[in-house]
Structures are given as structure tokens and as C-alpha cells.
Amino acid sequence: MLTRPFFEKAENLYDLLAANHAVISGSCALRLLLPENDVCWMPDDLDIYVCESKVQDLLRTLMASKYKLTSRTAANDAPYTSSHIQSVCTLHHNSSRIDVIVSNSSTAISPIFQFHITVLMNFVTAHSVFCAYPEMTTNQLSLINPFVVFCQPLRRSTLDALLKYSTRNIQYITCQQLHDDRQCCKDLIRSTDDESCMWLTCPPQPNPLSDQETFPCVSRVTSKFQ
């Protein structure tokens with residue numbers, strides 16, 4: 001169970017997300033979307049995205065759950081390249097690590113669409129799962145965001161992240177491989193309203209027999225995957 005290293009009960013995490021309009025992204029969201037039999041790695045931390053107005057409430061709840069705030073980093077010094085990130089707070093409890101990424105906009109999800117690779121443009125809310133590029137992501141394929149790589153200084157942290165997901169069997173492809181376009185894609189930029197994205201509405205419910213998350217229903221999935 002993905003939440004087990006970070007929370008004793010899955011519902012505690014979902015309550016935290018709902019109360020603070022926060023989302024999970026990064027490795028945990030990606031791991032949830034990949035086929036179980038094809039993946040041999042587990043996330044080593046939990047990334048929670050939240051807007052500035054809710055970050056203090058979220059941090060208080062985490063610290064009440066025995067997490068200790070170990071660092072608070074301004075966007076310029078953080079290992080993220082998104083201009084929509086205000087700061088990053090890191091918390092630890094025993095061997096568990098949570099990174100709280102604070103958005104500088106009115107929504108928690110705006111930094112996610114600025115990720116360096118499309119395979120990470122996913123998030124999990126208290127009651128849903130979103131994937132911006134479902135067909136590529138579920139097949140462990142990814143485009144590299146040219147705006148991150150070519151339109152700003154290339155940082156060591158970006159290269160490390162590209163290598164990290166390459167070792168996790170993510171295959172990077174070119175625009176030409178995807179749709180025979182030699183230029184970098186500008187027409188495949190996603191938003192949450194794009195019909196080519198995937199939304200799964202599935203309220204997690206604890207299973208009393210297994211004490212694991214179950215997803216009893218899928219009420220909406222977009223019909224067009226790209």
C-alpha cells in the first residue's frame with residue numbers, strides 16, 4: 001500500500017488532502033498509475049502540493065502526526081525548476097520523508113504542469129486521480145518538456161531527475177516518434193479540462209478485511225486517450 005510508509009491509516013492522508021485542498025504528485029502518483037506487474041520500485045518519499053493559504057494548517061496536521069519540519073527552502077534554492085513553486089518544506093518521521101511543495105498561485109496543481117517530463121504530470125486528490133498523458137504514462141513512455149530543458153539554465157537536479165526515472169524503466173521518446181513531428185510539441189500541452197486527459201473519480205474506502213485502500217467505483221473516465 002503506497003500510503004503505509006507515511007501514514008498508519010490511509011484515511012488520515014485522504015482527510016489531510018481534503019481539508020487543505022492539497023494533492024499528491026511525483027513518484028507516488030505515478031506508481032499508482034503504472035501496471036503492478038511491470039513495476040519493481042516503490043516511492044522513497046511523498047510529495048504533497050498545496051497553495052500558500054493552506055500550508056500552515058497542513059504543516060500543523062503533519063507535525064501533530066509526529067512529523068518534524070527539517071527544512072524550508074525558497075523556490076530559488078529548491079531542487080525544482082517550476083516558476084509556480086514558492087517554497088518546499090521537508091518533514092521527517094523515522095525513515096519517512098514528506099516534501100510539501102507550496103504553489104505561488106491560488107491552486108495547488110499549477111506547478112505540476114511545469115514538470116520536466118510528461119510522465120509526472122499526474123496528481124491524486126482525496127477523491128480522484130488525474131493523469132495528463134494517460135496512454136503514454138501507462139505504457140511507461142514520456143516526453144521531455146522542452147520549455148524546462150531548453151528555455152532556462154539546465155540544472156543538475158533536472159538531469160538527476162531524468163536519470164532517476166530512466167532507471168525506473170521510463171522510456172523517453174521524441175515528438176517525431178509520437179506523431180511524426182520533427183518539432184517540439186506545442187499542441188499537446190494539457191490542462192485539467194482537456195478531453196485527452198484521464199480523470200478517475202474513486203473515493204478511497206478502507207477495506208475492513210485487508211486494511212488496505214480499495215477503489216469501489218470509477219464514475220468518470222475521459223473517452224479519448226493520447
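Which residues have the most contacts inside the largest nonpolar core? The points below take this up first, then turn to the aromatic residues; the model is predicted.

1. The largest nonpolar core has 31 residues, and those with the most contacts inside it are Leu46, Ile48, Leu62, Ile98 and Val100. At least two residues of this core come from each of H1, helix H2 (27-33), strand S2 (46-51), H3, strand S4 (85-93), strand S5 (96-103) and S7. H1 gives the most, with five residues.

2. Val100 shows what these contacts look like at one position. Leaving aside residues up to four places away in sequence, Val100 touches Ile48, Val50, Val55, Leu58, Leu59, Leu62, Ser87, Val88, Cys89 and Leu91. Two of the partners, Ile48 and Leu62, are themselves listed with Val100 among the residues with the most contacts in the core.

3. A second core, separate from the one above, has 29 residues. Leu30, Trp41, Ile112 and Met121 are included in this second core.

4. The structure holds six aromatic pairs. One of them joins Phe7 and Tyr67, with 6.3 Å from centre to centre and 45° between the planes, a tilted arrangement. Phe7 lies in the segment before helix H1 (10-20), while Tyr67 lies in the loop between helix H3 (52-64) and strand S3 (68-74); the two residues are 60 apart, and the pair links distant parts of the chain. Phe7 counts as buried because its relative accessibility is 7%, under the 20% cut-off. Tyr67 is also buried, with a relative accessible area of 4%.

5. Phe130 and Trp199 form another pair, with ring centres 5.0 Å apart. Their planes stand at 55°, so the pair is tilted. This pair, too, links distant parts of the chain: Phe130 is in strand S7 (residues 128-131) and Trp199 is in strand S10 (residues 198-201), 69 residues apart. Phe130 has 0% relative accessibility and counts as buried. Trp199, at 15%, counts as buried as well.

6. Phe130 and Trp199 also belong to one aromatic cluster, together with Phe113 and Phe123.

7. Where does the charged end of Arg168 sit? It is over the ring of Trp41, 4.2 Å from the ring centre. Arg168 also lies over the face of Tyr165, at 5.5 Å from the centre of that ring. Trp41 appears in the second nonpolar core as well.

How values were computed: Residues numbered from 1 in each chain as written. Predicted model: local features only at pLDDT ≥ 70, side-chain atom pairs only at ≥ 80, totals over all residues. Heavy atoms only, no water. Phe/Tyr/Trp six-rings, centres within 6.5 Å; stacked < 30°, edge-to-face > 60°. Helix = DSSP H or I, 4+ residues; strand = E, 2+ residues; numbered from the N terminus. Buried < 20%, exposed > 50% of the residue type's maximum accessible area, 1.4 Å probe, protein only. Lys NZ or Arg CZ within 6 Å of the ring centre and 35° of its normal. Core = buried A, V, L, I, M, F, W, Y, C linked by side-chain atoms within 4.5 Å. Contact = heavy atoms within 4.5 Å.
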